[in-house]
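Dear colleague,

I am passing on the structure that we spoke about, together with some notes on what came out of going through it. Please have the sequence open beside the model while you read, as the notes move from the chain as a whole to single elements and residues.

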Amino acid sequence: MADKVELTTRGIRGCDPTSAETIWDSEIPGFGLRTRRSADERKWRWVLAYRVGGKSGPQTKLTARYFDKTPTEAREWAGKERAFRGTAHSQRAIEAEDRRRREEDRLCPTVKRLWDEYWEAEGCLKKASHSYEQLWRDHLSPAFATVKVSELTPATVERFKASKKATPGACNRALALLSRMLSLGVRWGYRKGCAPEHPVKGVARYPESQSEFYFTLAELERILMAADKDSASLKNAKQTGRGHGQTVNRAGGLIIRLLALTGARMSEATKAHWGQFEFLPEEEGGGALWTVGSTNTKTGRPVTRYLHPDLARRLLAWKPTAMALQKSGEVVAMDRTWWAFPQLADPTKPMLQIHHVWERVLKEAGVRRGRIHDLRHTAATLTLRATGSLHAVQAQLGHATPLTTRRYAHLMRETMIETGSILGAFGVGGGGEGQIADAVPLRSAPPESIA
């Protein structure tokens, strides 16, 4: 067992958490940090061991999560508990005090308990549950875990916001999570009689710049050509010692084309399976219908997209390779999901990411900047330019509301030049009637295209 250390922030940093099951404090008897020989702080717990009635009594342990208390708060907690429980108090008095505290916690819960109840009620069911856990662990818990819900004030929230000015984006999302938690707390009566009832409402968020980037038509054409070239070169390359390295790269190039020409999200493409595709016969024009189920969309609603015959043929050409890969991995079984783009290491799972392929394609295309997600912005802009309808863009991208669609559907440079030329024609030659009569009236443009 490791030597005892003073469990302060500096003392904890200076010891090896894997050296013992529990690291004991050098000053407070029975106070320690249970690490379970793990370096993962999420598994750590503060612990206080004590005996009622002296050394002859049975040993009892109190525990608290590591992230719920700072080292200073944990030492104060241990000192108070030991002073109360380590004296001549009877077991009956201790049990009565515990009941009183539980009743107080039930009527006036802490933000930590509100988080636990929120998590059980809806947090664990959300698609972004992992992000919510991280926001709570890294931002909200250190600031609010031990605070009573009834004691939260706008000033408390403002101080938290000021402490997070270096990370405005994370702060805004943490405030949104806290706001949702408190909305449930208000509904459950935890803020009864408090003014204001919801202390997060009215707290302004930090301004965030929204990305307005999209690829031009020339850039998009070069990206698609580079993706095809990358796939073809790897298809014809000699087998290396990396096993199926060729296969994953070919799949990555096809996924890039699928994302660019449908506007789908990355996860919708990487987690696609063959049951989602309905390939239409050639006599009906070919192509395919791709229906993404509600379990794999951000909005929780199914989205159906039409695939051009050329894209459908590329998918059909890839299908035998994907199927053979899964058979070679001995995954032929009843009710098995046949992924369109399976992992090579474990064909029972879909691909996770293709960022290494994306970086290679951008370099080959000569495009200096751009994320994979910007292909979605570009698809939205192209759809708006071709149809003039935000509703068509909303259906193609699978947005729940048109407000989200407006952020994605940027006006392309060619469209802005065309619109500016039309407007400029009104002022040519002093704006005489002859010029105005030849100009195209603005009301002829579809109303959805004017954002």
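Two residues are said to be in contact when heavy atoms of theirs lie within 4.5 Å of each other. With that meaning, and bearing in mind that this is a predicted model, 56% of the contacts in the protein chain with a separation of 6 or more are accounted for by residues 24 or more positions apart.

The chain as a whole

The secondary structure of the protein chain comes to 17 helices and seven strands, and of its 451 residues, 40% count as buried. The accessible surface of the chain comes to about 25200 Å², and 53% of that surface belongs to carbon and sulfur atoms.

The sheet

Three strands make up an open sheet in the order β5-β6-β7, and their pairing is antiparallel. Because β5 and β7 stand at the edges and each has a single partner strand, one side of each is left without a neighbour in the sheet. On average, neighbouring strands of this sheet are turned by 15° against each other, if direction is ignored.

As to the pairing itself, strand β5 (residues 277-279) and β6 are held in register over three bridges in the antiparallel sense, while five bridges join β6 to strand β7 (residues 303-307). Leu289 is a useful residue to look up here, since on one side it is the bridge partner of Glu278, and in β7 it stands opposite Tyr306. Strand β6 (residues 288-292) also has two faces, of which the covered one carries Ala288, Trp290 and Val292, whereas Leu289 and Thr291 belong to the uncovered one.Helix α14

In helix α14 (residues 390-397), the buried residues are Leu390, Val393, Gln394 and Leu397. Seen down the axis of α14, these buried residues fall within an arc of 100°, so they line one face of the helix. An α-helix has 3.6 residues a turn, so residues three or four places apart point the same way. The face of α14 that is turned away from the buried side carries the exposed residues His391 and Ala395. Just after α14, Gly398 takes a positive phi of about 80°.

Two buried residues

Which residues does Val157 touch, once those up to four places away in sequence are set aside? They are Leu175, Pro199, Val200 and Val203. Val157 has its place in helix α6 (residues 154-163), and it counts as buried because its relative accessibility is 0%, where the cut-off for buried is under 20%. Between Val157 and Leu178, which are 21 residues apart in sequence, the C-alpha to C-alpha distance is 9.5 Å.

Lys112, which lies in helix α4 (residues 111-121), is a lysine that also counts as buried, because its relative accessible area is 13%. Not counting residues up to four places away in sequence, Lys112 touches Arg65, Asp68, Trp136, Phe144 and Ala145.

With best wishes

Conventions:
Residues are numbered from 1 along each chain as its sequence is written. This is a predicted model: local features need pLDDT of at least 70, side-chain atom pairs count only at pLDDT 80 or more; totals for chains, interfaces and linings use all residues. Side-chain values use heavy atoms; hydrogens and water are left out. Helices (H or I, at least four residues) and strands (E, at least two) are DSSP runs, numbered from the N terminus. Buried means under 20% relative accessible area, exposed over 50%, partly exposed in between (1.4 Å probe, protein chains only). Two strands pair if DSSP finds at least two bridges between them. Axes are lines fitted to C-alpha atoms, for helices over the stretch in contact, and angles run from 0 to 180 degrees between N-to-C directions. The arc is that of the directions from the helix axis to the C-beta atoms. Accessible areas come from the Shrake-Rupley method with a 1.4 Å probe; for residues, only the protein chains shown count as cover.
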